[in-house]
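Grab a pencil and work through these exercises with the model open beside you. Try each task before you read its solution.

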Amino acid sequence: MAKILCVLYPDPVTGYPPEYARDSIPMVEAYPDGQPMPSPATIDFTPGELLGCVSGELGLRKYLEAAGHELVVTSDKDGAEFERHLADAEVVISQPFWPAYLSAERIAKAPNLKLALTAGIGSDHVDLDAAIKSGITVAEVTYSNSISVAEHAVMQILTLVRNFVPSYKWVIEGGWNIADCVERAYDLEGMDVGVIAAGRIGQAVLRRLAPFGVRLHYFDTRRLPLELEQELNLTFHDSVESLVSSVDVVDVHAPLHPSTYHMFDADLLATMRRGSYIVNTARAEIMVRDDVVAALESGRLAGYAGDVWYPQPPAADHPWRTMPHHAMTPHVSGTTLSAQARYAAGAREILEDFFAGSPIRDEYLIVDGGALAGVGAASYTADGKASPGAGA
Ligand code: NAD
């Protein structure tokens with residue numbers, strides 16, 4: 001019998017929903033690159049339910065308890081309850097939206113830990129070096145919310161360029177202040193838009209933006225196939241410096257690891273066109289927090305949006321809550337009800353394989369057998385801390 005410690009975000013303040021806005025969610029048959037959808041033996045939830053919060057339990061309780069395991073579900077990611085259960089947990093499940101940081105210190109206090117499972121994408125809340133050294137497998141549900149995030153990024157690009165948030169506020173406040181709304185509103189059409197990291201999410205954004213009549217650019221350490229560059233009319237840049245000085249909108253989709261940590265500092269921001277926009281749904285620490293605020297205040301940036309913060313949740317006085325011209329959301333882009341159905345099914349598939357002693361799909365693996373593995377070997381580096389977040 002194993003103990004599974006599952007850390008999920010708290011229930012809605014109004015309680016677990018008795019009903020939903022829609023009766024069902026559309027079922028997606030396959031991911032864009034042909035990767036098969038999550039394929040657990042069965043599921044014990046109805047797709048479209050709120051699964052990512054404590055009462056939703058990722059739909060795992062029936063399955064795990066029937067197999068004789070102990071499931072502990074908590075929203076306590078920083079306190080004594082988490083630490084107590086970590087001491088004898090074999091599996092820790094966490095989510096980037098509400099990350100239970102698995103630092104080296106915490107991993108050292110978890111002698112039974114064998115699997116750190118991310119119900120979503122992005123395992124930088126785990127100290128990957130420590131996981132490698134301790135022989136812990138790290139797995140995530142690759143592709144489960146990539147399109148969800150891409151849609152959010154496109155929404156936030158338009159939100160900034162069209163000056164949506166101030167216009168919405170005028171409506172709420174009972175006004176009809178057209179000039180106030182439009183004094184910072186532009187069309188996206190005709191702009192240069194640059195994507196940093198054209199992986200699953202970045203490519204989905206590029207595809208969605210192509211019909212907007214923009215000029216598309218990208219920078220990635222791995223160049224895309226020529227046919228795709230031609231199909232979407234992409235301009236490739238071989239450095240982040242080249243990209244950011246050539247575009248009006250920068251959209252970031254790189255994993256957080258040493259080569260992307262604090263990539264956007266005052267020096268890089270100073271090279272951007274005056275009035276540029278940044279959308280970052282990747283990880284907050286790719287930015288130097290206060291340099292972003294200063295660039296908005298000086299006008300170098302005309303807007304900043306995204307849904308990733310550091311730490312999470314951020315303090316009530318985190319400067320990104322009040323900086324000018326932002327359109328931030330909490331970390332929600334990858335946890336729509338649609339995405340939850342996929343990552344809950346994927347989490348179950350990974351657990352089924354883990355407990356059966358069967359190989360976990362390569363595309364789900366970040367660390368395995370004492371080394372970066374599968375998709376993790378392509379996306380992460382393990383030199384030093386994968387994430388300062390993992391140390392929090
Ligand atoms: P992916 O593995 O498909 O793509 C990552 C891309 O980044 C790859 O093409 C890789 O070559 C490129 N890359 C790596 N290091 C780079 C560097 N230094 N400079 C430029 N490019 C670099 O990953 P994905 O599924 O597209 O997800 C990307 C990231 O988005 C995740 O690592 C995660 O941090 C974040 N994410 C956020 C949410 C959310 O809810 N906001 C959800 C999912 C993923």
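**Exercise 1.** Work out in which sense β4 and β5 pair, and over how many bridges.

*Solution.* Start by finding the two strands: β4 covers residues 115–118 and β5 covers residues 137–140. Strands here are DSSP runs (E, at least two residues) numbered from the N terminus, and two of them pair if DSSP finds at least two bridges between them. β4 and β5 have four bridges and run in the parallel sense. Across that pairing, T118 stands opposite E140 in β5. This is a predicted model, where local features need pLDDT of at least 70, side-chain atom pairs count only at pLDDT 80 or more, and totals for chains, interfaces and linings use all residues. Residues are numbered from 1 along each chain as its sequence is written, and side-chain values use heavy atoms, with hydrogens and water left out.

**Exercise 2.** Put β4 and β5 into their sheet and find the edge strands.

*Solution.* Write down the order of the seven strands: β2-β1-β3-β4-β5-β12-β13. The sheet is open, with mixed pairing. Now look at the ends: β2 (70–74) and β13 (371–372) each pair on one side only, so they're the edge strands.

**Exercise 3.** Find polar side-chain atoms that approach the ligand's oxygen atoms.

*Solution.* Look for polar contacts (pairs of N or O atoms within 3.5 Å). First, check D220: one of its polar side-chain atoms is 2.6 Å from a ligand oxygen. Next, try H331, where a polar side-chain atom lies 3.0 Å from an oxygen atom of the ligand.

How values were computed. Polar contact = N/O pair within 3.5 Å; in protein donor to acceptor, adjacent residues only side chain to side chain.
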